[in-house]
Amino acid sequence: MLTSAAARYPGVRWEFHDDRGDQVVAARIAAGVVTGGYAAVIGHFNSLGAQASLPLYAAAGLPVVLPLSTRPRLTDGYPNAVQWCPDDLDQVAALRLVAATHGVRQLGVRHDGTDYGRGMAELFGGEADGDGLVVCGTHHGSAAKARELRADGFAGPLYFTDDCAVDEFAELAGDAADGARVARLTGGAQSFVDSAFDALVRALDQPDIAAGVRAAKPAAGWEVVNPVPHHDVVVVGAGVVGAATAAALVQAGVSVAVCAPADDAESATRYSGGLVRAYEHDGEQRRLAIRSHHLLWRDSPHFHRTGSLVLLGPDQLAEAVAGVHELLAAGIEAKLVDADELRRDFGLDAAGAVWEPDGGYASPPVVARDLLDGVTRHDTRVLRVEPDPRGTRLVTTTGPVTAGVVVVAAGAGAPALADVGPARLKRIRYAFFDRGGRDVPTVYDQRTGMWGRPVLDGPYAGGFLAGRPVEEWDVGPGGGDHLTEDQVAYVREGLRRLWPWLGEAAYLGGRYGADLFGAAPVIGPVGDVVVAACFGGGGFKTAPAAGEQAAFAALKARPAALTG
């Protein structure tokens, strides 16, 4: 949660420490932090660790924001500290109220033997028996206590305190989690961490940082939820296609969450070149690209309009004429450039080209992150998908998640979760070169698959990112940020046919990834799930429309299970 929130503010230098939820370790870390020249501290999560550390921070005058420390009156006497969330007294009241609405006449209390568990049990008033029981403690200890209670024959409702509001709890508790309820901060812990970071960053330039943060403190409370998360739709895959699918579903008003596939390699989105245009030689892909232009690229703040050329061979000109007419009919400026004009204006040789002034590129990770803003994300990895009375159950590395419908948009991880037909992983390899101040558009060569685009920002600003297809199949997923000398030479050799200056241009860096290629993209219901996969290296530009289609298929798959 901390690293995710911090990533939203790359302009601030963040350093991370782990107190392991232990007050002795927390105090030791705090002793080092106060000598480190920091502007502020955000954390600790554990109230006992925060309690042990606050005197050290106060003595040093260091502002502290506690996003999730819920012990009552924890910051009393510490004007430098802000307890961002509601405290455990409100949590006790929320659990008692929900138990009463479930018909529990007497709510008994048990704890797991930890200091935290005993402290929470005291707030409830001891360990009285009841027709319902609240279990206080860590999620590990509470899960063990819950299994013990069920094994001893207790059949009444079980309630758990907020440390159990994590995905892993349901896996640890097993059958004891069925029908249980867990207290959590309203909207989930991540939302509190995110808002605490927002307030701290805004206050960093104020003379009294703690006062600035305190002034922004939200009015919030507790909610009590089922520990087995359930959503109308779960999208497996947080790359740009999965993100576009989730965003479309959110817009439709359904409950959506995103999980990752079991393979922990980074998605193809991380390594995509990010080219965007509306013209595609294949008619169906062209329709997706045109729709994507209207859904996102026309107005995206992350899009760089460099102009786009698609270079054509003689046998590709007839289809290009039809394609340009389709683009113009859709309100997208485009024209067919002949060989002489192409050579004169762009210094490129081909039988012709499709020119789109509004084509260009965007950063795929940035676009995916923006589309996922506000979407629930489970920090878990999906191992398999199974039928469930409520629709579908996802078996994950941290416990079960259920959904009315599952959308598999997992790229390389899709074949392990759904039938995508014959498909293979292919290596994708790109290199950054110094373009020497040249003003060049984004170019895709329909004849060879080679491409290039300028780099206008980021670490390689002033460079030229270019790729040449390689025949390397059945590779592993994921990628990296380095190329060998031979690999750079291979890319350069092919590209200099288009851009002779690349023969001498300085090499700045490289990257390689992998993408799933099939006979054609798969978008729609396949068995018990909806699939959006097999986009074969060019799926970024069509992702908004592909996501829209996948979302529509999900809404149509089980309409009775969905709220929107």
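These legends walk through several close-up views of a predicted model.

**View 1. Tyr-430 meets Trp-451 edge-to-face.**
Let us start with two rings. A pair of aromatic rings is described by the distance of the centres and the angle of the planes. For Tyr-430 and Trp-451, the centres are 5.0 Å apart and the planes make an angle of 70°. Tyr-430 belongs to strand 20 (residues 423-434) and Trp-451 to strand 22 (residues 451-454), so this pair ties together parts that are 21 residues apart in sequence. Tyr-430 is buried because its relative accessibility is 6%, under the 20% limit. Trp-451 is buried as well, with a relative accessible area of 11%.

**View 2. Trp-473 and Phe-517 form another edge-to-face pair.**
Here the ring centres lie 5.5 Å apart, with 75° between the planes. Trp-473 is found in the loop between strand 23 (463-467) and helix 15 (485-495), while Phe-517 is in strand 24 (residues 507-518). The pair thus links distant parts of the chain, 44 residues apart. How accessible is Trp-473? Trp-473 is partly exposed, with a relative accessible area of 28%. Phe-517, at 22% relative accessibility, also counts as partly exposed.

**View 3. Charged side chains sit over aromatic rings.**
Stay with Phe-517 for a moment: Lys-426 lies over the face of this ring, at 5.4 Å from the ring centre. Elsewhere, the ring of Tyr-361 has the charged end of Arg-453 over it, 3.7 Å from the ring centre.

**View 4. Three aromatic residues gather in one cluster.**
Look for Trp-297, Phe-303 and Phe-540, which form a single aromatic cluster. For the model as a whole, the count of aromatic pairs comes to 11.

**View 5. Five strands make an open sheet.**
Now for a sheet. Strands of a sheet pair through backbone hydrogen bonds, either parallel or antiparallel. In this sheet the strand order is 4-5-6-7-8, and the pairing is mixed. Which strands are at the edges? They are strand 4 (107-111) and strand 8 (222-225), each of which pairs on one side only. From one strand to the next, the twist averages 25°.

**View 6. Strands 6 and 7 run parallel, and helix 5 packs on the sheet.**
Strand 6 (residues 158-160) is joined to strand 7 (residues 181-185) by 2 bridges. Phe-160 has Val-182 of strand 7 as its bridge partner. Helix 5 (residues 115-124) touches strand 4 and strand 5 (132-136). The direction of helix 5 makes about 165° with that of strand 4.

Note on methods:
Residues are numbered from 1 along each chain as its sequence is written. This is a predicted model: local features need pLDDT of at least 70, side-chain atom pairs count only at pLDDT 80 or more; totals for chains, interfaces and linings use all residues. Side-chain values use heavy atoms; hydrogens and water are left out. Rings of Phe, Tyr and Trp (its six-membered ring) pair if their centres lie within 6.5 Å; planes under 30 degrees apart count as stacked, over 60 as edge-to-face and the rest as tilted. Helices (H or I, at least four residues) and strands (E, at least two) are DSSP runs, numbered from the N terminus. Buried means under 20% relative accessible area, exposed over 50%, partly exposed in between (1.4 Å probe, protein chains only). A charge sits over a ring if NZ of Lys or CZ of Arg is within 6 Å of the ring centre and within 35 degrees of the ring normal. Two strands pair if DSSP finds at least two bridges between them. Axes are lines fitted to C-alpha atoms, for helices over the stretch in contact, and angles run from 0 to 180 degrees between N-to-C directions. Contact means heavy atoms within 4.5 Å.
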